[in-house]
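Reader: I would like a close look at one part of this predicted model, namely how some of its helices pack and what surrounds its pocket. Please take it step by step.

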Amino acid sequence: MKSWPGALTPDEGVQVEGEWFARAIRWQYLFLGAPDRLLVLGGRGSGKTRLGAEWVNGHVRGFAPFSLTRYGQIALVAETLGDAREVMIEGPSGIATIARGERPKYEATRRRLVWPSGAVAQVFSAEDPDSLRGPQFEAVWADEVAKWRYAEETYDMLQFALRLGERPRQIITTTPKPVPIIRRLLDDPAVTVRRLRTHDNAGNLAPGFIGELEHRYGGTRLGRQEIDGELIEDRPDALWNRAALEALPGGAPQELKRIVVAVDPSATGKARSAACGIVVAGKTEDGNAVVLADGTVAAASPSEWAAKAVSLYHRYKADCIVAEVNQGGDMVATVVRMVDPDVPVKPVRATRGKWVRAEPVAALYEQGRVRHAARLPELEDEMCDFGPDGLSGGRSPDRVDALVWAITDLLIAGRGRPRVRDFA
């Protein structure tokens, strides 16, 4: 029995004991209630996943400020089904992990999360937008929308599926990227935007995590995006732009005339040294090129990057390793042969600046003669940040350098004999 107006009953007290509002940071908590459409743009480790999980938990249990009524039909959408389970449901900040009171159970065979109250959250992959045709929901949590390959199609299908209840709602949590779906949401006056920075959640992160990120990426475009949660548009003077890269057709052809592993080696393996750019690319039967993989390793010793390059050589059955020798000279071929003496190494030497070398390769992209087998986010970030003065923040364009060497060898200067491969 309540002892004064507004006091909690014993049962209500048990319900709210240990609730998130006592620990949440003010940038996360929805003090004024949840809007119908909420876009949360956050850096890595900023707490956006925890906010999404608490949002779902609050709607299922009817807890203010998220909702004053209970929601029973919810959709959880991630880039892949594995991401939905490993991050949104069972991850350190996932729904099942943070659940209090009614604890939901994940039914893997039916791809759904079920609460004792009867509430159900169905799991979907953004790789299959059509799977959202038919189901209907009261609420949706969509995670990392900026990474979705079919973002526009999936988001549209979700809007048609939100047709239950008196007040359908959705929360979208993502690291921001200048992709069409993010621009569309930011331009929509019906969408409420909340921004979270990694620094805001420092108390819940491992000691030294933020310091290490700042050391590596502070002041760079990637750091502003991944740490500060800023939406970073393309550099106006960059050789590549995201829209064009995202429009590239995906998939690797079954037969390639030549495959090379291009290496832009770092001089040392110290923590402050540049990364070693490693890119795998192949030449197609019609004389074009496809970028197969980005195997770049950060601050690696010569033996480490050589081992990675040789591993990719064997994995992709490449013809040779193309390696820039300006910094390492004969050392480059020597360390590769220490890993595997049978791997052919083709040395290349830069006689012109990085920008001048990259311009012909960028032109091949514009002509539609180069595509990517899959999304290569870190490589593409560098490409869209590569201007006449290099990358923002003074970083070395290691991935771009390796890409340029690979495409140059295959399409501009490559005259190697094809290697017979058995893919059986």
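To begin with, how near do the axes of helix α12 (residues 354–366) and helix α14 (residues 398–412) come, and at roughly what angle do they cross?

Author: In this predicted model, the axes of α12 and α14 come within 9 Å, and the two helices cross at roughly 60 degrees. Angles of 65 to 115 degrees count as roughly perpendicular and those under 35 as roughly parallel, and α12 and α14 are therefore oblique to each other. Their crossing is left-handed. On the α12 side, the contact is made by K354, R357, A358, P360, V361, L364 and Y365, and these meet D401, L403, V404, W405, I407, T408, L411 and I412 on the α14 side. Sorted by class, this contact holds 11 nonpolar residues, three charged ones and one polar residue.

Helix α14 also packs against α13, and here the axes come within 8 Å and cross at roughly 90 degrees, which makes α13 roughly perpendicular to α14. From α13 the residues in contact are E378, L379, E382 and M383, while α14 contributes D398, R399, V400 and L403. By class, the contact of α13 with α14 divides into four nonpolar and four charged residues, with no polar ones. Leu403 of α14 is thus a residue to look at twice, since L403 is listed in the contact with α12 and also in the contact with α13.

From α13 one can go on to the largest pocket, in which about 1,000 Å³ of space lies. Of the 39 residues that line this pocket, A146, K147, K177, R375 and P377 are the closest to its centre. With four residues, α13 gives the most to the lining, and the helices that each supply at least two residues include α5 (151–161) and α6 (180–187), as well as α13 (377–384). Taken by class, the lining has 18 nonpolar, 16 charged and five polar residues.

Two of these contributors to the lining, α5 and α6, also pack against each other, at an angle of about 45 degrees and with their axes 9 Å apart, and that makes α5 oblique to α6. Their contact joins A151, E152, Y155 and D156 of α5 to P180, I181, R184 and L185 of α6, and by class it comprises five nonpolar and three charged residues, with no polar ones.

How values were computed
Residues numbered from 1 in each chain as written. Predicted model: local features only at pLDDT ≥ 70, side-chain atom pairs only at ≥ 80, totals over all residues. Heavy atoms only, no water. Axes fitted to C-alpha atoms, helices over the stretch in contact; angles between N-to-C directions. Parallel < 35°, antiparallel > 145°, perpendicular 65-115°, else oblique. Left-handed = near helix turned anticlockwise from the far one by under 90°. Contact = heavy atoms within 4.5 Å. Nonpolar A, V, L, I, M, F, W, Y, C, P; charged D, E, K, R; others polar. 1 Å grid on protein atoms, 1.4 Å probe; cavity = no way out; pocket = protein on both sides within 12 Å on 5 of 7 lines; lining within 4 Å. Points joined across faces, edges and corners; volume = space filled by probe spheres on them.
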